[in-house]
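Please look over the model below. The report that follows covers charged pairs, nonpolar cores and the surface.

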Amino acid sequence: FENDNKNLWLTVCDSPFNRNVIEQKRLKDVANFKSDSWNETKSDGDYLSDEWYLEQFIEQTIHSEVEVVYETHLPLKDVNGLSDKFTEKTLKFLYLGKPFIHSDPYSYQLLKTCGLKPCTSLYSDKLSFMYETYSVKNKTKYLPELKKNIEWLINMDEAEWKDRLEEAKQITNYNYNKVREYIFETSLLDQIIEIENGRK
């Protein structure tokens, strides 16, 4: 609630989906940036329209240098056999080449499983180790350390912030290129044939 750091913002979309939470948590008055792009006419039945998504995507993405990404998948198995895919929450920053940290160890580990790299310069040594070694079985509580990590980033002096951000941008550039390599230069034919043969 007291964060006024211009590089790492709390962004809240004032939509019917979030309104109760916003009011209960007092977020309406403290968010550094509130998206006002919600419009009832932009919904498409049960889904949000492309127009709305694009507007709020731009508004809530360009105002900070780093994002804390909260993914919405659950661990299906232990450690490296977790969820097998990211949602748009992670993918948009990979496509944009924007630095981010994940708010959970599952996503951190999934990045590595996919051949991508986390922006380790934005993680404290302790949180990074916790995410690296996390197992569903050991039930380690990582949220207190995540909170400390965010506070550490918010209170970092400008010189260290710039150095760490520059290092993170090198990682995001690697990830950006790797994602495009997967999409445009990697054939999925062998994997599809293998899956089909496995069904027979």
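Lys92 sits in helix H4. The model is predicted. Lys92 is buried yet has no salt bridge. Its nearest side chain of opposite charge is Glu88, 6.0 Å away. A salt bridge here requires the nitrogen and the carboxyl oxygen to lie within 4 Å, so Lys92 and Glu88, at 6.0 Å, do not count as one. Leaving out residues up to four places away in sequence, Lys92 touches Tyr53 and Phe57.

**Salt bridges**

Glu88 does have a partner. The side chains of Glu88 and Lys89 meet in a salt bridge, with 3.3 Å from N to O. Lys89 is partly exposed, at 26% relative accessible area. Glu88 is also partly exposed, at 36%.

The count of salt bridges comes to eight. The table gives some of them.

| Pair | N to O distance |
|---|---|
| Glu67 and Lys98 | 2.8 Å |
| Lys89 and Glu88 | 3.3 Å |
| Lys178 and Glu181 | 3.6 Å |

Which parts of the chain does the pair Glu67 and Lys98 link? The side chains of Glu67 and Lys98 form a salt bridge at 2.8 Å. The pair links distant parts of the chain, 31 residues apart. Glu67 lies in strand E5 (residues 67–69). Lys98 lies in the loop between H4 and strand E6 (100–102). Glu67 and Lys98 are both buried.

Lys178 and Glu181 form a salt bridge inside a helix. Both residues belong to helix H8, three residues apart, so about one helical turn separates them. Lys178 is buried, with a relative accessible area of 18%. Glu181 is partly exposed, at 32%. The cut-off for buried is under 20%, so Lys178 falls on the buried side of it and Glu181 does not.

**The nonpolar cores**

In soluble globular proteins, nonpolar side chains tend to be buried together. In this model, the largest nonpolar core has 20 residues. Leu122, Tyr131 and Leu153 have the most contacts inside this core. The elements giving two or more residues to the core are helix H5 (105–113), helix H6 (125–133), helix H7 (143–154) and helix H8 (158–185). H8 gives the largest share, four residues.

Another core lies apart from this one. This other core has nine residues, among them Phe86, Phe93, Leu110 and Leu111.

Tyr131 has a long list of neighbours. Not counting residues up to four places away in sequence, Tyr131 touches His102, Ser103, Asp104, Pro105, Tyr108, Gln109, Tyr123, Tyr142 and Leu146.

Two of these neighbours, Tyr108 and Tyr123, recur at Ser128. Ser128 lies in helix H6. Is Ser128 buried or exposed? At 14% relative accessibility, Ser128 counts as buried. Setting aside residues up to four places away in sequence, Ser128 touches Tyr108 and Tyr123.

Phe86 belongs to the core of nine residues. Phe86 is found in the loop between E5 and H4. Its relative accessible area is 11%, so Phe86 is buried. Beyond its neighbours within four places in sequence, Phe86 contacts Glu71, Leu91, His102, Ser107, Leu110, Leu111 and Cys114. Leu110 and Leu111 are also members of this core. The C-alpha atoms of Phe86 and Thr72 are 8.5 Å apart. Along the chain, Phe86 and Thr72 are 14 residues apart.

**The surface**

Which residues form a nonpolar patch on the surface? They are Tyr95, Tyr182, Ile183 and Phe184. Together these residues have about 440 Å² of accessible area. H8 gives the largest share of the patch, three residues. Tyr95 is found in helix H4 (residues 88–96). At 38% relative accessibility, Tyr95 counts as partly exposed. Residues need over 30% to enter a patch, so Tyr95 passes that cut-off.

**The whole chain**

The secondary structure comes to nine helices and six strands. The protein chain has 200 residues, and buried residues make up 38% of them. The accessible surface comes to about 12900 Å². Carbon and sulfur atoms account for 53% of that surface. Among contacts between residues at least 6 apart in sequence, 61% join residues at least 24 apart.

Key:
Residues numbered from 1 in each chain as written. Predicted model: local features only at pLDDT ≥ 70, side-chain atom pairs only at ≥ 80, totals over all residues. Heavy atoms only, no water. Core = buried A, V, L, I, M, F, W, Y, C linked by side-chain atoms within 4.5 Å. Buried < 20%, exposed > 50% of the residue type's maximum accessible area, 1.4 Å probe, protein only. Contact = heavy atoms within 4.5 Å. Patch = residues over 30% accessible without salt bridge, like charges linked within 9 Å, V, L, I, M, F, W, Y side chains within 5 Å. Areas by Shrake-Rupley, 256 points an atom, 1.4 Å probe, with all protein chains shown as cover. Lys, Arg positive; Asp, Glu negative; His and termini not counted.
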